[in-house]
Amino acid sequence: MYEGPVQDLIDELGRLPGVGPKSAQRIAFHLLGADPADIARLQQALQRVKEGVVFCDICGNVSEEATCRICRDARRDVSAVCVVEEPKDVLAIERTREFRGRYHVLGGALDPLSGIGPDQLRVRELLARISDQEVTEVILATDPNTEGEATATYLVRMLRDFPGLTVTRLASGLPMGGDLEFADELTLGRAMSGRRTV
C-alpha cells in the first residue's frame with residue numbers, strides 16, 4: 001500500500017475493466033513520471049468524452065451529435081438492422097465492410113445473475129424501430145457466450161411475430177465465449193456474410 005493520492009490513483013485505475021492491480025500500479029507510476037503537458041492532454045480528453053459524447057437517439061451508438069454518423073448516412077440500407085450488445089461491436093462489424101445497413105445497440109446482454117433483464121436493455125426501442133420503419137431483416141450479432149446466446153434467443157421470441165421480418169444470426173465460426181470486438185476482421189466478415197435464418 002502506498003500513501004494518499006498514489007494509492008487513490010492505483011485504486012481508481014484498478015476499477016477500470018481489464019486493469020488488474022499490477023497494471024494499475026504500472027499506469028499510476030507512469031503517470032507520476034509523465035510530462036505535465038501529457039497529463040493535461042489526458043485530462044482534457046477525459047473531460048471532452050464525458051461532456052461531448054452522447055448515445056445516438058436512434059441506434060444507441062456513441063456519437064458527438066444526437067444522431068450518429070451511421071444513422072445520418074442516407075446511403076445505408078434502412079431495411080437491415082444489425083443488433084449488437086455494445087458500441088464497440090459496431091466498430092468491429094464496420095471494420096469487416098460486409099454490412100451496409102443500420103445498427104441497434106442494446107447496451108449489454110441479458111444476465112440475470114447480475115440483475116440485467118430485458119428492461120435494462122434497449123429492447124423496447126428495437127421493437128419500436130421495427131414497427132415504425134421498413135425493416136425487413138434483423139441480424140442478431142450478440143457475443144458468442146452464454147449471455148449473448150440468451151439475449152439472441154429472447155430476441156428471436158420477441159421478433160417472430162412481426163410479419164415479413166427475417167431474423168438472422170451470425171454464422172458459426174466465431175469462438176464460443178469470446179467477444180465480437182476481439183474477432184479478427186476476416187472471421188467476423190465471414191460470419192456476417194454467411195449468417196443463417198433463425
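In this predicted model, Arg169 is buried, with a relative accessible area of 6%. The side chain of Arg169 meets that of Glu149 in a salt bridge, with an N to O distance of 2.8 Å. Glu149 lies in helix H7 and Arg169 in strand S6 (residues 166-169), so this pair ties together parts that are 20 residues apart in sequence. Glu149 itself is partly exposed, at a relative accessible area of 32%.

The Glu149 and Arg169 pair was found in a search of the whole structure, which gives seven salt bridges. Among them is the pair of Arg75 and Asp73, whose side chains meet at 3.1 Å, N to O. Asp73 has 15% relative accessibility and counts as buried, whereas Arg75, at 68%, counts as exposed. A further salt bridge joins Glu65 to Arg72, with the closest N and O atoms 3.4 Å apart. Here Glu65 is partly exposed, with a relative accessible area of 45%, and Arg72 is partly exposed as well, with 43%.

Helix H7 also contributes to the nonpolar interior. The largest nonpolar core has 19 residues, and those with the most contacts inside it are Val83, Val138, Leu140, Leu155 and Leu159. Two or more residues of this core are given by each of strand S3 (77-84), helix H6 (123-132), strand S5 (137-140) and helix H7 (146-159). H7 supplies five residues, the largest share. A second core, separate from this one, has 16 residues and includes Cys59, Val84, Ile139 and Leu170.

The surroundings of Val138 were examined individually. With residues up to four places away in sequence left out, Val138 touches Val81, Val83, Ile130 and Leu159, and also Leu165, Thr166, Val167 and Thr168.

The two helices that give residues to the largest core, H6 and H7, also pack against each other. Their axes come within 12 Å and cross at roughly 35°, and the crossing of H6 past H7 is right-handed. On the H6 side, the contact is made by Val123, Leu126, Leu127 and Ile130; on the H7 side, by Tyr154, Leu155, Met158 and Leu159. By class, the contact of H6 with H7 comprises eight nonpolar residues, with no polar and no charged residues. Two residues of this contact, Ile130 of H6 and Leu159 of H7, are also touched by Val138.

How values were computed
Residues are numbered from 1 along each chain as its sequence is written. This is a predicted model: local features need pLDDT of at least 70, side-chain atom pairs count only at pLDDT 80 or more; totals for chains, interfaces and linings use all residues. Side-chain values use heavy atoms; hydrogens and water are left out. A nonpolar core is a set of buried Ala, Val, Leu, Ile, Met, Phe, Trp, Tyr and Cys residues joined through side-chain atoms within 4.5 Å. Buried means under 20% relative accessible area, exposed over 50%, partly exposed in between (1.4 Å probe, protein chains only). Helices (H or I, at least four residues) and strands (E, at least two) are DSSP runs, numbered from the N terminus. Contact means heavy atoms within 4.5 Å. Axes are lines fitted to C-alpha atoms, for helices over the stretch in contact, and angles run from 0 to 180 degrees between N-to-C directions. A crossing is left-handed if the near helix is turned anticlockwise from the far one by less than a right angle, and right-handed if clockwise. Ala, Val, Leu, Ile, Met, Phe, Trp, Tyr, Cys and Pro count as nonpolar, Asp, Glu, Lys and Arg as charged, and the others, Gly among them, as polar. A salt bridge is a side-chain nitrogen of Lys or Arg within 4 Å of a carboxyl oxygen of Asp or Glu.
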